[in-house]
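Here are some notes to read alongside the model, written for someone opening it for the first time. Have the structure on screen and follow the points in turn.

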Amino acid sequence: MSASSKTIEEITGKRGYEYGFITDIEQESLPPGLSEETVRFISAKKDEPEWMLEWRLEALRGWLEMPHPNWAHVHYKPIDFQAISYYAAPKNQPKSLDEVDPKLLEMYEKLGIPMHEREMLAGVEGAGEQRPEVAVDAVFDSVSVGTTYKAKLAEQGIIFCSMSEAVQDHPELVRKYLGTVVPRKDNFFAALNSAVFSDGSFVYIPKGVRCPMELSTYFRMNAGHTGQFERTLIIAEEGASVSYLEGCTAPMRDENQLHAAVVELVALDDADIKYSTVQNWYPGDENGVGGIFNFVTKRGLCAGKRSRIAWTQVETGSAITWKYPSCVLKGDDSVGEFYSVAVTRGYQQADTGTKMIHMGKNTRSTIIAKGISAGHGEQSYRGLVRVLPTAKDARNYSQCDSMLIGDKCAAHTFPYIDAQHPGAQIEHEATTSRISEDQLFYCKQRGIGEEEAVSLIVNGFCRDVFKKLPMEFAVEAQKLLEVTLEDSVG
Amino acid sequence: MALLEIRDLHAAVEGEEILRGINLTVDRGEVHAVMGPNGSGKSTLSKVLAGHDGYEVTNGQVLYDGKDLLDLEAEDRARLGVFLGFQYPVEIPGVANTYFLKAALNAMRKHRGEPELDAVAFLKLIRERAKMVNMDENLLKRAVNEGFSGGEKKRNEIFQMAVLEPQLAILDETDSGLDIDALRIVSQGVNAMRSADRAFLLITHYQRLLDHIEPDHVHVLVNGRIQQSGGKELAEELERSGYALFEENAA
């Protein structure tokens, strides 16, 4: 075999969706359907206090009266919310990490998620070269199956646990903050989530503490005909800082599955939260059959002075993505940032962007969004920059760049600007480009094959965003982009 | 066996024939200059040899090291040692010059069955070659050709050539847009690269490049055909009398 055909074989070997397998594990799930009974079942299953159940029921009542939103630039058949199962969980619920079903551990192994806490190698030569420690909360369908490094983090007063545990163990914090950033009836999917959310991650960083390791949640959907509705709440007290990562995958199925999450971040005075996502839900097959509907509400509140929230997202999966990680800049001198790379290929659709709401004085926001569309992909950037009358000297910079590969894809940009203070400084730049024949020829003339050339050019295009990701995630994201874009050329 | 043998090469762009029967043989160790007026087919020749798919070869044959060059993809030609120094080097935003070169070099090494260069060895190599062409190390870290001046872009081409060490270097109007200092530096780079197993094809409009790089053979390309070949004195003659005489002959 010649070297070049071998190269091609190596490349095609990793083509497609690597994470599409199903884990065969005994699960219990609710029959499809949504009613008050469903909500009561979930709440009872989690042994929740009365206030939590009431909170959910109020959300459900709100949801029942809300129309399905249709303003996004995406197309799909109406979702039958009565055909979805709202709860699926492995039958044997572990009490500690040691009791987690070996099949599940094997699955996480396969996905490359570290579920073992490494022993400390203090003083051992070469220990510094190890991969940095990352604490993981693993959410499998509706429940968290394990959280690593809990004890070590607790030494510094950091709480990192599943949402279910937080409701039991830290009800005062949950009650104080849940729904304060994304109210129960904020929007259709947030209301649905508020009614039926089954798990998610809870993070609390006490005053003045810098979280010593990356925290991450890994979301895996496994069961068929179910939706995943998780809720994440991160609170950074005065002067605290944390970097949080989230990853997601799901099996390949012919049906469309719904993932409707809510993420709330609260940053008090001088606190810093960095939230990074690499979203790789199953995107559907080459004909657009199957795939995840990813309808997510993410919002951060810069409640305190000089607080900072940065969202970084790499969205390569899902049949449909509907997602606008936003910042409410309430504290004076607070900073909101949004860095995004979104890829749509095959028949994927994405309507994604951000909202920056400037309330406090001297607040600043930065938006850098890179959209790549290939195949029949449809992509929209939708962003709102609002400067309220109280936001003296607010500044925003937005840059939205789209890259088109092939001639059947599309990119749209919908920037909304609402400046209610005369001193607001708002800049918006947008470009649309193609990978030029000249760039490809230049790379090929230097011996770089076409697929590698495309990934090189695209990675260059995304560099401004990738450099914002934690180191290891950046490498992941680049690899993911390569896999995603193979076959998009020509 | 000659390194490059072009036999009766005809090529067209969008149906219009540009090359009308080129014959040219280049041996290892030789420097050939192809000179001609604008529109004579000089750049077309370089792009056809490099494998640009915007050009259709309608007749003829090109043997490179005995292989049918026209049968190979552009990247495979490059991996076999064919280098084109671009007249208009392309910008690739966000991709660091060193990263790009590393990808290129490793693609070639892989093709030859050699292991990838490790980071230390690679850095050593590019530092050494950057020095050779007097290239500012800051340019190595910047994105490929992005925001480079015309002279910097051309120097970057020569720098890439010095790192990739091709068998056949085709330099397409490398002298155009260079001031005299830059021209001297670029020429020094080329001269330093001359060796018994490497050949150069210099495509140029003006004789002045040949003041710095002494060719073994000079060919005059007019109207898609080589009208005359000779030694370096032919270039000097052209400098005095211009292309008019050849254009009359070709018409």
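**Notes on a predicted model**

1. Start with a charged pair in chain A: A:Arg231 and A:Glu264 make a salt bridge, and their closest N and O atoms are 3.0 Å apart. Keep in mind as you look that this is a predicted model. The two partners come from distant parts of the chain, with A:Arg231 in strand 8 (residues 231–236) of chain A and A:Glu264 in strand 11 (residues 262–267) of chain A, 33 residues apart. Buried or exposed, what would you say for A:Arg231? A:Arg231 is buried, because its relative accessible area is 0%. A:Glu264 also has 0% relative accessibility, so it counts as buried.

2. Now go to chain B for another salt bridge, where the side chains of B:Asp65 and B:Arg28 meet at 2.7 Å, N to O. This pair again links distant parts of the chain, 37 residues apart: B:Asp65 is in the loop between strand 4 (56–64) and strand 5 (67–68) of chain B, while B:Arg28 is in the loop between strand 2 (16–26) and strand 3 of chain B. B:Asp65 is partly exposed at 32% relative accessibility. B:Arg28 is partly exposed too, with a relative accessible area of 32%.

3. Stay in chain B for B:Arg129 and B:Glu165, whose side chains form a salt bridge at 3.0 Å, N to O. B:Arg129 belongs to helix 4 (residues 119–132) of chain B and B:Glu165 to the loop between helix 6 (150–164) and strand 9 (168–172) of chain B, so the salt bridge ties together parts that are 36 residues apart in sequence. The two ends sit in unlike surroundings: B:Arg129 is buried, with a relative accessible area of 11%, whereas B:Glu165 counts as partly exposed at 41%.

4. How many salt bridges are there over all chains? The count comes to 36. Some are joined up, and one network of salt bridges links A:Glu54, A:Glu58, A:Arg61 and A:Lys185.

5. Next, the aromatic side chains. Over all chains, the structure holds 20 aromatic pairs. Take A:Tyr76 and A:Phe293: their ring centres are 5.3 Å apart and their planes stand at 55 degrees, so this pair is tilted. They are 217 residues apart, with A:Tyr76 in the loop between helix 3 (50–64) and strand 2 (88–90) of chain A and A:Phe293 in strand 13 (residues 291–302) of chain A. A:Tyr76 counts as partly exposed at 25% relative accessibility, while A:Phe293 is buried at 9%.

6. Compare that with A:Phe189 and A:Trp322, where the centres are 5.3 Å apart and the planes at 65 degrees, so the pair is edge-to-face. Since A:Phe189 lies in helix 8 (residues 188–196) of chain A and A:Trp322 in strand 15 (residues 320–323) of chain A, the pair ties together parts that are 133 residues apart in sequence. Both A:Phe189 and A:Trp322 are buried. Ring pairs link these residues into a cluster whose members include A:Tyr76, A:Phe189, A:Phe293 and A:Trp322.

7. Rings also meet charges in chain A. A:Arg382 has its charged end over the ring of A:Phe414, 4.6 Å from the ring's centre. Likewise, A:Arg446 lies over the face of A:Tyr442, at 4.9 Å from the ring centre.

8. On to the strands. In chain A, strand 12 (residues 272–279) has 6 of its 8 residues buried, so the rest of the structure largely encloses it. Strand 12 of chain A pairs with strand 14 (residues 308–315) of chain A in the parallel sense, over 8 bridges. Within that pairing, A:Asp272 stands opposite A:Arg308 in strand 14 of chain A.

9. Finish with an open sheet in chain B, whose 6 strands come in the order 6-9-10-3-11-12, with mixed pairing. Why is one side of strand 6 (82–85) and of strand 12 (225–230) of chain B left without a neighbour in the sheet? Each stands at an edge and has a single partner strand, so nothing in the sheet flanks its other side. Neighbouring strands of this sheet are turned by 20 degrees against each other on average, direction ignored. Inside the sheet, strand 3 (residues 31–35) and strand 10 (residues 199–204) of chain B run parallel and are joined by 5 bridges. For B:His32, the bridge partner in strand 10 of chain B is B:Leu201.

Notes. Residues numbered from 1 in each chain as written. Chains lettered and ligands numbered in written order. Predicted model: local features only at pLDDT ≥ 70, side-chain atom pairs only at ≥ 80, totals over all residues. Heavy atoms only, no water. Pairing = 2+ DSSP bridges. Helix = DSSP H or I, 4+ residues; strand = E, 2+ residues; numbered from the N terminus. Axes fitted to C-alpha atoms, helices over the stretch in contact; angles between N-to-C directions. Phe/Tyr/Trp six-rings, centres within 6.5 Å; stacked < 30°, edge-to-face > 60°. Buried < 20%, exposed > 50% of the residue type's maximum accessible area, 1.4 Å probe, protein only. Lys NZ or Arg CZ within 6 Å of the ring centre and 35° of its normal. Salt bridge = Lys/Arg side-chain N within 4 Å of Asp/Glu carboxyl O.
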